[in-house]
Amino acid sequence: MKQFLIVNDDSLQMIVLISMVESVCKELKTSLQILKAVDGREALEMYKKHINIKCIFMDINMPGMDGYECTKKIRS
């Protein structure tokens, strides 16, 4: 199964994003496993553990490791 990773430290935004992705999947009649991470470090761990991640929605402004740094590490 394809996986979609959402990285966001704001719980309300996370709920909205998950709802949007689920709605699009329903419209397209497809299924995705939605994974969640609350910061860059957790996102990197999820990326290493799950080999079927096809898309990442990355928040840029997060404490600790921000989205820019995390994206740079994922790309390398």
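**Exercise 1. Helix α1 and the sheet**

Task: In this predicted model, determine which strands helix α1 lies across and at what angle it runs to β2.

Solution. Step 1: Locate the helix, which covers residues 11–28. Step 2: Identify the strands beneath the question; α1 lies across β1, β2 and β3. Step 3: Read the angle, which is about 165° between α1 and β2. Step 4: Follow the chain, which crosses from β1 through α1 to β2. This β-α-β crossover is right-handed.

**Exercise 2. Strand order and pairing**

Task: State in what order the three strands of the open sheet stand, and which of them are edge strands.

Solution. Step 1: The order is β2-β1-β3, and the pairing is parallel. Step 2: β2 and β3 each pair on one side only, and they are the edge strands. Step 3: On average, neighbouring strands are turned by 20° against each other, direction ignored. Step 4: Count the bridges. Five bridges join β1 to β2, and β1 and β3 pair over five bridges.

**Exercise 3. Bridge partners of β1**

Task: Find the residues of β2 and β3 that stand opposite Gln3, Leu5 and Val7.

Solution. Step 1: Take glutamine 3 on the β2 side, where its bridge partner is glutamine 33. Step 2: On the β3 side, glutamine 3 stands opposite isoleucine 53. Step 3: Leucine 5 has isoleucine 56 in β3 as its bridge partner. Step 4: Valine 7 is paired in β2 with alanine 37.

**Exercise 4. The two sides of β1**

Task: Establish which residues of β1 point one way and which the other, and whether they are buried or exposed.

Solution. Step 1: Recall the general pattern: in a regular strand the side chains alternate between the two faces of the sheet. Step 2: Apply the pattern to β1. Gln3, Leu5 and Val7 point one way, and Phe4 and Ile6 point the other way. Step 3: Assess the burial; five of the five residues of β1 are buried, and the strand is mostly covered.

**Exercise 5. The nonpolar cores**

Task: Describe how many residues the largest nonpolar core has and which elements give two or more residues to it.

Solution. Step 1: The largest core has 13 residues. Those with the most contacts inside it are Leu5, Val7, Ala37, Ala43, Met58 and Cys70. Step 2: The elements giving two or more residues are β1 (3–7), β2 (33–37), α2 (40–49), β3 (53–58) and α3 (67–75). Step 3: The largest share, three residues, comes from α2. Step 4: A second, separate core has seven residues, including Met14, Leu17, Ile18 and Val21. Step 5: Place these cores in a general context: in soluble globular proteins, nonpolar side chains tend to be buried together.

**Exercise 6. Two members of the largest core**

Task: For Ala37 and Cys70, list the contacts made beyond four places in sequence.

Solution. Step 1: Alanine 37 lies in strand β2. Alanine 37 counts as buried because its relative accessibility is 1%, below the 20% limit. Step 2: Its contacts are Leu5, Ile6, Val7, Asn8, Met14, Glu42, Ala43 and Met46. Step 3: Cysteine 70 is in contact with Gly40, Ala43, Leu44, Met58 and Met65. Step 4: As a distance check, the C-alpha atoms of alanine 37 and threonine 71 are 13 Å apart, with their positions 34 residues apart in sequence.

**Exercise 7. Leucine 32**

Task: Determine where leucine 32 lies and which residues it touches beyond four places in sequence.

Solution. Step 1: Leucine 32 lies in the loop between α1 and β2. Step 2: With a relative accessible area of 28%, leucine 32 is partly exposed. Step 3: Leucine 32 touches Met1, Lys2, Gln3, Phe4, Val21 and Cys25. Step 4: The C-alpha atoms of leucine 32 and isoleucine 53 are separated by 9.5 Å, and these residues are 21 apart along the chain.

**Exercise 8. Salt bridges**

Task: State how many salt bridges a search of the whole structure finds and which residues form the bridge with lysine 73.

Solution. Step 1: The search finds one salt bridge. Step 2: Lysine 73 pairs with glutamate 69, the closest N and O atoms being 3.7 Å apart. The separation satisfies the criterion of within 4 Å. Step 3: Both residues lie in helix α3, four residues apart, about one turn of the helix. Step 4: Lysine 73 is partly exposed at 41% relative accessible area, and glutamate 69 is partly exposed at 36%.

Note on methods: Residues are numbered from 1 along each chain as its sequence is written. This is a predicted model: local features need pLDDT of at least 70, side-chain atom pairs count only at pLDDT 80 or more; totals for chains, interfaces and linings use all residues. Side-chain values use heavy atoms; hydrogens and water are left out. A nonpolar core is a set of buried Ala, Val, Leu, Ile, Met, Phe, Trp, Tyr and Cys residues joined through side-chain atoms within 4.5 Å. Buried means under 20% relative accessible area, exposed over 50%, partly exposed in between (1.4 Å probe, protein chains only). Contact means heavy atoms within 4.5 Å. Two strands pair if DSSP finds at least two bridges between them. Axes are lines fitted to C-alpha atoms, for helices over the stretch in contact, and angles run from 0 to 180 degrees between N-to-C directions. A crossover is right-handed if, with the strands pointing away from the viewer, the path from the first strand over the helix to the second runs clockwise. A salt bridge is a side-chain nitrogen of Lys or Arg within 4 Å of a carboxyl oxygen of Asp or Glu.
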